[in-house]
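Visitor: I am new to this structure and would love a close look at a single part of it. Could you pick one residue, show me where it sits, and then lead me outward from there?

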Amino acid sequence: MRGRRAPLALAVVLLTTFVACSTKRSPSIVDPKGSEAHTIAGVWWLMFGLATAVYVIVGGFIIVAAVRGRGTKEGRPSRVRDNTFVWVGGIIVPAVILVVLGAATVHASNSLRKPETNPLRIEVVGKRWWWAVSYPDQKFDTANEVHIPVGRPIEIGLDSDNVIHSFWVPQLGGKVDLIPGQHNVWRFKATKEGTFRGECAEYCGLEHAKMNFLVVAQSAASFDTWALRHQQPQSEPASQLAANGQVVFMRAPCAGCHTIRGTTAHGTIGPDLTDIGSRLTLGANTVPNTEGYLSGWIVNSQTIKPGNLMPPIPLSSNDLQALVAYLRSLK
Amino acid sequence: MAVTDVPSQETHGEVDAEELEEIWADAPGVPGFFSTIDHKRIGMRYIYTAFFFFFVSGLMALVMRSQLAAPNNHVVGPETYNQLMTIHGTTMIFLFNTPVLAGFGNYILPLQLGTRDMAFPRLNAFSYWIFVLSGIFFFASFLIGKAPDGGWFGYVPLTDKAFSPGINLDFWGLAIVFVGISTTVGAVNFIVTTFKMRAPGMTINRVPIFVWSILSMAFMVLFAVPAVTLAAGLLELDRLFGTAFVNPHLGGSVLLYQHLFWFWGHPEVYILFVPATGMISMIIPVMARRPLAAYLWVATALIAVAFISFGVWVHHMFATGMPVQAMSFFSAVSLIIVLPSGVQFFAWIATMWKGRVRFTTPMLFGIGFLLIFLLGGITGAMLAVMPFDWQVTDSYFVVAHFHYVLNGAVVFPIFGAIYFWYPKMSGRRLSERWGHISFWLMFVGFNLAFFGMHILGFLGMPRRIATYPSGLGWDDLNMISTIGGFIFAVGTGVTLINWFHARWWGKPAGNDPWDGDSLEWSTTSPPPEYNFASIPVVASRHPLWDQRPLPTASSTGDEATKSLGPEGAEHHETPETTGLDARPQGTLDLPHPTYLPFLLACGIAVFFVGLLIKAILVGVIGAAALVIALTWWAWRTEVDLA
């Protein structure tokens, strides 16, 4: 009979091992880097302790109960009355545990998502299948990358003009849905610097799996530098190649869908590209932002992220080279 | 009571079995197939049809697991993956779990109550035909390559015309409305049968726990299913006729849809789970050779859960940004609903504790169920903790949780129930040895497949993704899960083969292969069309253990008892008894086989096809057939038919 518990015991060991091993690489909720994630991880470890105790004790009861009567004809009697057993095990003990869980719920949810003074406001709009990000007080837009200063209260307004999405950065906190016709706000703080993976957590259609983003939590000073740079319009291209690329951008269909501040490109269907050269990834965190991937994305993004709303752009190799040089110069 | 307990089991022999056979038998061949209203044939069909859907939908799960076995995999693209995911969820909930339990209820419940059929046999047949036709309707989408891809929950606005313009989603929305008819009609039948058709002496506190569980399920169905019918109905009105109930871009409410969907969706979990616990509550006492501990508390828990399950639905919506205070109420109720399950759990343990457990295949599935459901219940309580839910909702942690509950804690009891009751249904036993092998494959495969998903959720893997990049620490666990999924599938396949084998070559079961306590074990295996020539008289919660030989009733000639004895069977009747005390009260004429249920169901199917393809003429033809069949139905009373 001991063998019957072995897979589960093994699984519990695996749980701890895997969480311990993988958190370094994974966007793990037990590797918290934000205020909300910290609180919730605390709740989790409390529940993990209780759950383990409950599983081992009740699981033990099941095994013992199953084998206890072996070798007898009619089973072994017990002095405990059935109703007493059921009341204590099924109602009284669980009720005590549930009160603890209830208290943890109230305690944690009362401390989270509260308005604070002087927050940094950010607006995020869920698109199919990427994220439009804007800083209303600093008055600039970007996409798929949210920069925040560590320690300062953050207020992210969440909206959608299409289907429902959900904003989730596991290392910073829980999810908040982006619901058409409803404005949600998520309030939190980052406690550590780092680049954290964010994901769309509500099924939103074809490319739901490739609707991800990054949150870059940085020191207040480096955030200010970053924000200040973004408030400036783009200067003229520095090289001839980039200048040619700008011409290609304005001539090709690009400008119809994308905005580059300081130019005549004001499209709003696709992501704002004003800082595309400084972003870490392309296609909503689908591929790294390298020269090769950028060229590939422009020529036919459908091979990288099938079904996304950007059509293939046929360009001569010279035009493509110039365009890539231009886009990569946009920092 | 106006019945005597003098004529005993032996009097069955005096009844002319051949004559009864002639009175009750269906026509042979195809006419009998379409006109039967025998609850046992219908119950078997429910089970077979539901298992067909189980295996098809399980194969789809294997394709999904293959796709997720490795990062950046290309087994299927996102479009196909999303379709498979939608069909898998919808099929398992609507076309496997719900109907297979209705099938067992259909077959077992009248036998356990000691009656000759369900209260409304024609309605019962109708309910089955609706189920199978709606299943065909839904799967037609897959066969013509237009499978829905909006997820099994069909959230708007993704499923609105604007974002899902094809006919794909109409298959889904209409199928949900369509199959809901079947579930609702079945629920009415279960309730009336339980209250009005119990054997004399089977007072309300002597009813087998399985019957209590079906009753609890039926009440939940009655109040919950209209909500999902409304949700899918409003969606289809928006899609087909351009209304704006749930279309936010025209001023409709997205959350209205979610509220309606989950107002059904959470009770639905209990609609599936409660009958499964009822099966366990029959299997464990028989295998431990002693009565179920704390019967009254278990029955109370089953009813309590039916009420409480209607107060928890918002825990599926904790991330929608509703006010925290409002959601706290649902958080608290979601914790409280643990208690009725706790009562049942410790009743099972107490039953085993003082008994001697026989490790038969049904019992192995029972113990497997206990070990799996324990974990699924614990993670369920965790999900009630709102802040924790914000982190893990819509992650693989939830996928793990609900597979522990809906697969482990529902499918395992169902497999146990096959081994337990199939001998009654067919007269032949399944192989114990292959049953053990099947169980261990399923148990190990199940835990390999789903335990790691808890961890994947912790490592930030969201639900419903068709692929994932490498380097996030998700690769190994996904591979293990896929391997486990295939082992689980092989385990279910072993039972399938075992089942087929038993059908023709199984060892004879006899009337009572497990030494059971409830009335179904008192009749032959398989039972005759009329179940009982003479209705048993019950004086105990465990008639077959406490009343040997089991007394049966005979008529005393008055109106109340005239259907109890063999004469009742000869007149195609079954007794009606009072709701609480089960005193003989009157006689119910049972209808004879009829095509009406099939015709009515076909009319409804044609009507739905008309809606689907937006062909008014087809819709009108369907509606006309429906009206004609209904009128005919109402015209021909059961007495006319008898």
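Guide: Happily! Let us start at Trp421(B), a residue of helix α14 of chain B, which covers residues 396-426. Please keep in mind that what you see is a predicted model. Is Trp421(B) buried or exposed? A residue is called buried once 20 or more other C-beta atoms lie within 10 Å of its own. Trp421(B) has 26 such neighbours, so it counts as buried.

Which residues does Trp421(B) touch, once its neighbours within four places in sequence are left aside? Its contacts are then Phe104(B) and Ile108(B). For a sense of distance within the chain, look from Trp421(B) to Gly619(B): they are 198 residues apart in sequence, and their C-alpha atoms are separated by 42 Å.

Another aromatic residue of chain B makes a good second stop. Phe54(B) belongs to helix α3 of chain B, residues 39-68. It has 21 C-beta neighbours inside 10 Å and therefore also counts as buried. Its C-alpha atom is 5.6 Å from that of Phe96(B), although 42 residues separate the two along the chain.

Now let us step back to the chain that holds these residues. Chain B contains 21 helices and four strands. Its radius of gyration is 25 Å, close to the 26 Å that the globule rule gives for 642 residues, so chain B is as compact as a globular protein of that length. Measured out along its principal axes, the C-alpha trace spans about 75 × 60 × 50 Å. Of the 642 residues in chain B, 64% are buried. Among contacts in chain B with a separation of 6 or more, 79% are between residues 24 or more positions apart.

Two further helices of chain B deserve a look. Helix α15 of chain B runs over residues 432-458, 27 residues in total. From first C-alpha to last it reaches 39 Å, close to the 39 Å expected at 1.5 Å a residue. Most of α15(B) is covered, with 19 of its 27 residues buried. After α15(B) comes Gly460(B), which has a positive phi near 90 degrees. Helix α11 of chain B, residues 338-354, has 17 residues that should span 24 Å at 1.5 Å a residue, and its end C-alpha atoms are 25 Å apart, which agrees. Since 16 of those 17 residues are buried, α11(B) is largely enclosed by the rest of the structure.

From here we can cross to the partner chain. How many residues of chain A are in contact with chain B? There are 82 of them, and they meet 76 residues of chain B. Several elements of chain A each supply at least two residues to this side, among them α1 (2-22), α2 (35-68) and β9 (194-200). The most comes from α3(A), with 17 residues. By class, the side of chain A that touches chain B has 46 nonpolar, 24 polar and twelve charged residues.

Chain A also has sheets to explore. One is an open sheet of five strands in the order β3-β2-β1-β5-β8, with mixed pairing. Its edge strands are β3 (140-143) and β8 (184-188), each of which pairs on one side only. On average, neighbouring strands in this sheet are turned by 25 degrees against each other, direction ignored. Within it, β1 (residues 120-126) and β5 (residues 154-160) of chain A run parallel and are joined by seven bridges. There, Leu120(A) stands opposite Ile154(A) of β5(A).

Another open sheet of five strands in chain A follows the order β4-β10-β9-β6-β7, again with mixed pairing. Here β4 (145-149) and β7 stand at the edges with a single partner strand each, so one side of each has no neighbour in the sheet. Neighbouring strands of this sheet are turned by 25 degrees against each other on average, direction ignored. Five bridges link β4(A) to the parallel strand β10 of chain A, residues 212-218. His147(A) faces its opposite number, Val216(A), in β10(A). To finish, look for helix α4 of chain A, residues 220-231: it lies across β4 and β10 of chain A and runs at about 135 degrees to β4(A).

Terms used:
Residues are numbered from 1 along each chain as its sequence is written. Chains are lettered from A and ligands numbered from 1 in the order in which they are written. This is a predicted model: local features need pLDDT of at least 70, side-chain atom pairs count only at pLDDT 80 or more; totals for chains, interfaces and linings use all residues. Two strands pair if DSSP finds at least two bridges between them. Axes are lines fitted to C-alpha atoms, for helices over the stretch in contact, and angles run from 0 to 180 degrees between N-to-C directions. The radius of gyration is taken over C-alpha atoms; the globule rule is 2.2 Å times the number of residues to the power 0.38. A residue is buried if 20 or more other C-beta atoms lie within 10 Å of its own, exposed if 12 or fewer, and partly exposed in between; C-beta atoms are placed from the backbone. Two residues are in contact if their C-beta atoms, placed from the backbone, lie within 7 Å. Ala, Val, Leu, Ile, Met, Phe, Trp, Tyr, Cys and Pro count as nonpolar, Asp, Glu, Lys and Arg as charged, and the others, Gly among them, as polar. The expected span of a helix is 1.5 Å times one less than its number of residues.
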